[in-house]
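Dear colleague,

I am passing on the structure below, followed by some notes on what turned up in it. Please read the notes with the model open beside you.

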Amino acid sequence: MVYPYRAGVIGGALGGLAMIVVAGLYGLLSGAGLWLPVNLIGATLVRSLQGLSLAQLGQFNLEALIVGLVLHTFLALMLGLIFAALLPTLPGSPVFWSIVIGPLLWTIVSVMIL
């Protein structure tokens with residue numbers, strides 16, 4: 001079975017949207033603030049954010065929002081595309097591999113980028 005790459009991109013986009021919800025909840029429940037996760041992603045490229053305290057990273061920053069959303073979107077779409085390319089080579093159920101390979105790909109690519 002060959003899956004269309006479009007399905008991978010759509011899956012990556014939906015996974016990226018789900019991660020926004022999870023990250024936002026983490027920021028709120030941790031008490032660090034809703035903007036902490038996106039500011040941390042943005043801080044990978046915006047050097048002025050790298051020296052800020054946790055309290056400062058919990059506050060809204062437009063530059064971090066733009067950079068963080070661009071990075072997050074690119075990563076989610078590329079992971080979906082990679083998964084769609086890998087899926088035909090894997091035996092068994094796509095659902096099983098999405099549970100196993102999805103988080104593994106996310107971890108590997110995130111570590112490579114950082």
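**Pockets and helix H4**

The second largest pocket has a volume of about 370 Å³, and the residues closest to its centre, out of the 19 that line it, are Gly11, Gly12, Leu79, Gly80 and Phe83. Please bear in mind throughout that this is a predicted model. Helices H1, H4 and H5 each give at least two residues to the lining of the second largest pocket, with the largest share, 8 residues, coming from H1. By residue type, that lining divides into 11 nonpolar and 8 polar residues, with no charged ones.

The largest pocket encloses about 590 Å³ of space and is lined by 21 residues, of which Ala23, Pro37, Val38, Ile41 and His72 lie nearest its centre. The elements that contribute two or more residues to the lining of the largest pocket are H1, H2, H4 and H5, and here it is H4 that provides the largest share, 6 residues. The lining of the largest pocket consists of 16 nonpolar and 5 polar residues, and again no charged residue is found in it.

Because H4 takes part in the lining of the largest pocket, I then looked at this helix on its own. Helix H4 covers residues 62-86, and the 25 residues of H4 should span 36 Å at 1.5 Å a residue, which agrees with the 36 Å that separates its end C-alpha atoms. At the N-terminal end, H4 is capped by Asn61, a side-chain oxygen of which lies 3.0 Å from the backbone nitrogen of Glu63.

Which residues of H4 are buried? They are Ala64, Leu65, Val67, Gly68, His72, Leu75, Ala76, Leu79, Gly80, Phe83 and Ala84. An α-helix has 3.6 residues a turn, so residues three or four places apart point the same way. What covers the buried residues of H4 includes helix H1 (5-30), helix H2 (36-42) and helix H5 (94-113).

His72 deserves a separate look, as one of the residues that lie nearest the centre of the largest pocket. His72 has a relative accessible area of 9%, under the 20% cut-off, and therefore counts as buried. Leaving aside residues up to four places away in sequence, His72 touches Gly16, Met19, Ile20, Ile41 and Trp106. Of these contacts, Ile41 is also among the residues nearest the centre of the largest pocket.

With best regards

Terms used:
Residues numbered from 1 in each chain as written. Predicted model: local features only at pLDDT ≥ 70, side-chain atom pairs only at ≥ 80, totals over all residues. Heavy atoms only, no water. Helix = DSSP H or I, 4+ residues; strand = E, 2+ residues; numbered from the N terminus. Buried < 20%, exposed > 50% of the residue type's maximum accessible area, 1.4 Å probe, protein only. Contact = heavy atoms within 4.5 Å. Expected span 1.5 Å × (residues − 1). Polar contact = N/O pair within 3.5 Å; in protein donor to acceptor, adjacent residues only side chain to side chain. 1 Å grid on protein atoms, 1.4 Å probe; cavity = no way out; pocket = protein on both sides within 12 Å on 5 of 7 lines; lining within 4 Å. Points joined across faces, edges and corners; volume = space filled by probe spheres on them. Nonpolar A, V, L, I, M, F, W, Y, C, P; charged D, E, K, R; others polar.
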